[in-house]
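Dear colleague,

Please find below the structure that I am handing over to you, together with its sequence. My findings follow directly after it.

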Amino acid sequence: MLVSLDEVLSLADKGGYAIPAFNVYNMETVMGIIAAAEEQRAPVILQFYSRLAANEEGYYVAPIILAAAAKAAVPVCFHLDHGAGEKEVMRGIRYGCTGIMIDASTQPIEGNIETTKKIVELCAYNGIQVEGEIGHIGSAAAGDEASQSTTVEEAVTYANGTGIRAMAIMVGTAHGHYKKAPKLDIDRVAEIHAALPQVSLVLHGGSGVPDDQIQAAVKAGIRKINFGTDVCYSFLDKVFETSRDKIAVDLFMKDAIQNVKAFAVEKINLLGDANRV
Ligand code: G3H
Ligand code: ZN
């Protein structure tokens, strides 16, 4: 069933585990992840990048996500990921998102707070909770995982100034595949979690983070973990392997869907998200 961001995060907050948030791009990635979530009885978040909301893709992918969520026997939140601004957020709401992220993390903290607060108010008017980002999480290709962690003071100032429900923090991850395995600032996760127990902490850049680091982060208080790049690889690796003799596209896609499912099953179990509903 389609549920709000607050609903899935509250399950994780109470249970002390993390909800995987998988970036989806097309019908096949949605099908693979929903199959995994239902099999594992796991609440999940399906999210799409802001650019999909801004481009034509969102118009087609959003109804697929909504149809999948409506049919699913497990709670599914449909989240806008890295919302670039008010226009993209408005589009996300129109497409039926039940969770919204606003990413104003490249702005100085005052501007980030101002932008985020406005989006929190706009979304509250629509009954939707918001994820914000404090401390910019950049790209692994640029080596951004080495940047400084979000401080407790920044996190508290940002959370109190905005009213966000969830908060992405910089603790040593970055987007895309890492050149070498990242070392997360687990102590900082625990400190921020202790200071803000009412805000669900989010780890971006989940692809390629070693399992023990993921588990330590969850133990320290991370309640949502994003996986994007490895959803793409789990899908594309199989597409590239599939014989060109298979012409019918629906048959061609079957192995790719199964591979996305296998990837999602692995992450659901790693995060402690299996058998929760
Ligand atoms: O917002 C999306 C995620 O942070 C994805 O990061 O592609 O490194 O898994 P990733
Ligand atoms: Zn991200």
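I begin with a pair of helices in this predicted model. Helix α8 (residues 186–195) and helix α9 (residues 211–220) have axes that come within 8 Å and cross at roughly 20 degrees. An angle under 35 degrees counts as roughly parallel, and α8 and α9 are therefore roughly parallel to each other. Their crossing is right-handed. On the α8 side, the contact is made by Ile186, Val189, Ala190 and His193, and on the α9 side by Gln213, Ala216, Ala217 and Ala220. Divided by character, the residues of this contact comprise 6 nonpolar and 2 polar, with no charged residue.

The sheet comes next. A barrel is closed by 8 strands in the order β1-β2-β3-β4-β5-β6-β7-β8, with parallel pairing. From one strand to the next, the twist averages 25 degrees. Two helices that pack on the sheet may be described here. Helix α2 (residues 27–40) touches β1, β2 and β3 (76–83), and its direction makes about 165 degrees with that of β2. Helix α4 (residues 56–71) also packs on the sheet, where it touches β2 and β3; the direction of α4 makes about 175 degrees with that of β2.

Two of the strand pairings can be given in detail. Strand β1 (residues 19–23) pairs with β2 in the parallel sense, over 3 bridges. Within this pairing, asparagine 23 has glutamine 47 of β2 as its bridge partner. Strand β2 (residues 44–49) is largely enclosed by the rest of the structure, because 5 of its 6 residues are buried. Further along the barrel order, strand β6 (residues 166–169) and strand β7 (residues 200–203) run parallel and are joined by 3 bridges. Here alanine 166 stands opposite serine 200 in β7.

Finally, I would draw your attention to a single residue, asparagine 112, which is found in helix α6 (residues 109–125). Is asparagine 112 buried or exposed? The cut-off for a buried residue is under 20% relative accessible area; asparagine 112 has a relative accessibility of 1% and therefore counts as buried. What is asparagine 112 in contact with, leaving aside its neighbours within four places in sequence? The residues in contact with asparagine 112 are then Ala104, Ser105, Gln107, Glu133, Ile134 and Tyr158.

With kind regards

Note on methods: Residues are numbered from 1 along each chain as its sequence is written. Chains are lettered from A and ligands numbered from 1 in the order in which they are written. This is a predicted model: local features need pLDDT of at least 70, side-chain atom pairs count only at pLDDT 80 or more; totals for chains, interfaces and linings use all residues. Side-chain values use heavy atoms; hydrogens and water are left out. Axes are lines fitted to C-alpha atoms, for helices over the stretch in contact, and angles run from 0 to 180 degrees between N-to-C directions. Helices (H or I, at least four residues) and strands (E, at least two) are DSSP runs, numbered from the N terminus. Angles under 35 degrees count as roughly parallel, over 145 as roughly antiparallel, 65 to 115 as roughly perpendicular and the rest as oblique. A crossing is left-handed if the near helix is turned anticlockwise from the far one by less than a right angle, and right-handed if clockwise. Contact means heavy atoms within 4.5 Å. Ala, Val, Leu, Ile, Met, Phe, Trp, Tyr, Cys and Pro count as nonpolar, Asp, Glu, Lys and Arg as charged, and the others, Gly among them, as polar. Buried means under 20% relative accessible area, exposed over 50%, partly exposed in between (1.4 Å probe, protein chains only). Two strands pair if DSSP finds at least two bridges between them.
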